[in-house]
Amino acid sequence: GYSAEETPGGKLGPFYWLGEYNMKFVQKKVLNKIVISRYLDTYYYGDTFSILFQNSSVLRLQTTANNGIHTPSGITVGSDNSLIEDAYGTADSTQTAIFGKIVSKYYHIKDNENIGLKFNFDGKGKVISIYAGQFD
């Protein structure tokens with residue numbers, strides 16, 4: 001993987017180095033008319049890193065493997081839950097599975113519960129994916 005400084009063009013741009021590109025239109029039906037409400041662009045770098053755009057603005061970054069991409073505090077996929085607590089403190093909100101284990105932790109930006117960092121875990125408390133940006 002690349003760090004932001006190592007990417008061609010630096011600082012995650014331009015995006016030609018990311019590989020596969022996918023664009024899809026999201027449609028919604030209004031009074032029996034189909035209108036395009038927005039379009040989403042997704043850039044993929046391999047199978048484990050993606051950048052989702054909405055109307056040319058970054059909506060979310062996602063990584064699903066320990067591929068060299070990490071948070072500013074050094075958290076990667078595979079990191080232990082305790083390292084996240086050490087780095088970021090108590091989560092602003094969590095999602096718990098039926099079996100009672102935490103499966104997601106959310107760290108919101110100030111004044112907006114829909115944007116921030118989201119860490120997803122396996123049943124052993126290891127990070128399996130990291131989202132940065134707008135939550136699902």
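**Exercise 1. Is Ser104 buried or exposed?**

Begin with the ground rules: this is a predicted model, in which local features need pLDDT of at least 70 and side-chain atom pairs count only at pLDDT 80 or more, while totals for chains, interfaces and linings use all residues. Residues are numbered from 1 along each chain as its sequence is written, and side-chain values use heavy atoms, with hydrogens and water left out.

Step 1. Find Ser104 in strand β6 (residues 102-109); strands are DSSP runs of E, at least two residues long, numbered from the N terminus.

Step 2. Its relative accessible area is 3%, so Ser104 is buried. Buried means under 20% relative accessible area, exposed over 50%, and partly exposed in between, using a 1.4 Å probe and protein chains only.

**Exercise 2. Find what Ser104 touches.**

Step 1. Set aside neighbours within four places in sequence; Ser104 is then in contact with Ser93, Thr94, Gln95, Lys118, Phe119, Asn120 and Phe121. Contact means heavy atoms within 4.5 Å.

Step 2. Look at Asn120: its side chain and that of Ser104 are joined by a polar contact of 2.5 Å. Such a contact is a pair of N or O atoms within 3.5 Å; within protein, one must be able to donate a hydrogen and the other to accept it, and residues adjacent in sequence count only if both atoms are side-chain atoms.

**Exercise 3. Find the strands that pair with β8.**

Step 1. Strand β4 (residues 57-63) runs antiparallel to β8 (residues 127-134), with 4 bridges between them. Two strands pair if DSSP finds at least two bridges between them. Here Leu61 has Ala132 in β8 as its bridge partner.

Step 2. Strand β7 (residues 112-121) is also antiparallel to β8, joined by 7 bridges, and Lys118 is partnered by Tyr131 in β8.

Step 3. The hairpin of β7 and β8 has 5 residues between the strands, and Gly125 in this hairpin takes a positive phi near 80°.

**Exercise 4. Which parts of the chain have the lowest and highest confidence?**

Step 1. The chain averages a pLDDT of 76, and 72% of the residues score at least 70. pLDDT is the predictor's confidence in each residue, from 0 to 100.

Step 2. Confidence is lowest in strand β1 (residues 21-30), at a mean of 44, and highest in β8, at 94.

Step 3. Over residues 1-37, pLDDT stays under 50. Where pLDDT is low, the predicted coordinates should not be read in detail.
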